[in-house]
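Student: I am new to this structure and would like a close look at a single part, the largest pocket. Please set it in its surroundings as well.

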Amino acid sequence: MIRVALREELQVNWVSFIADFLLAGMVVGPPVAPFLAASGVWLLGGIADIIYFMGNHVCPQPDMGLDLAPPFIMAVCMRCYGTVTGLLITRLLYAVTAGKGFFWLSQYGWNGAALASVLMMAYPLELAAQIFGLWNFDNYIVTPFGLITGLAWGLFTMPILHSWQGGNKLIPFHFKFDTSRSQGGRG
């Protein structure tokens, strides 16, 4: 009996753990990178190089990062960091609500996916408006657009990423699969 209780207690939701680990890296990495680079310590500079490499490949304007440790800037622009902040807010909200609430979009199936997709367009639409010259890059403009995108993304995906229980996927986003053929032609 004790062995079973201990085994159940030690079960790790690996999807949730990996998602939280990646989110922690996205939250901490970009603002810490300039300080690591400015430290002059070889190992810390190498870690900063890795963070900057990732930022250069995910952010459309990494050269617009905040000047945190001159001459080193944040690894991503504030639009991207606004998106990460939105994801962090929804992760904390999920921790408090355990996925219960009308605002979790995945519970609405395809309608929730459609609403999340529309809201996630805030980021690319703002970027397009900037590229087409409707306004110049300004942290006070780009951050809320990224935040809206991150909130939409998080409100849809957090219940999906963090609702695994004991290996059983408990996703409120329902799909119907024909499992009768998965038995090798039997049944």
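Tutor: What follows describes the largest pocket, then its neighbour in rank, the chain and the cysteines.

This is a predicted model, in which local features need pLDDT of at least 70 and side-chain atom pairs count only at pLDDT 80 or more, while totals for chains, interfaces and linings use all residues. Residues are numbered from 1 along each chain as its sequence is written, and side-chain values use heavy atoms, with hydrogens and water left out.

The largest pocket has a volume of about 500 Å³. A pocket here is an open set of points on a 1 Å grid over the protein atoms alone, with protein on both sides within 12 Å along at least five of seven lines; lining residues have an atom within 4 Å of a point. Grid points are joined across faces, edges and corners, and the volume is the space filled by probe spheres set on the points.

The lining of the largest pocket consists of 22 residues, and G25, M26, P30, V58 and V84 lie nearest the centre. At least two lining residues come from each of α2 (14–38), α3 (42–58) and α4 (78–97). With nine residues, α2 gives the most. Helices (H or I, at least four residues) and strands (E, at least two) are DSSP runs, numbered from the N terminus. By class, 18 of the lining residues are nonpolar, four are polar and none is charged. Here Ala, Val, Leu, Ile, Met, Phe, Trp, Tyr, Cys and Pro count as nonpolar, Asp, Glu, Lys and Arg as charged, and the others, Gly among them, as polar.

The second largest pocket has a volume of about 200 Å³. Its lining includes M26, L87, W153 and H162, and α2 and α7 (139–162) each supply at least two of the lining residues. This lining divides into eight nonpolar, two polar and one charged.

As for the chain, it has seven helices and two strands, with the helices preceding the strands in the order α-α-α-α-α-α-α-β-β from the N terminus. Of its 187 residues, 35% are buried, meaning under 20% relative accessible area with a 1.4 Å probe, protein chains only.

The structure holds zero disulfides, a disulfide being a pair of cysteine sulfur atoms within 2.5 Å. For C59, the nearest cysteine sulfur is that of C80, 3.5 Å away. C59 is buried, with a relative accessible area of 6%.

How values were computed. On a 1 Å grid over the protein atoms alone, a cavity is a set of points where a 1.4 Å probe fits but cannot get out, and a pocket is an open set with protein on both sides within 12 Å along at least five of seven lines; lining residues have an atom within 4 Å of a point. Buried means under 20% relative accessible area, exposed over 50%, partly exposed in between (1.4 Å probe, protein chains only).
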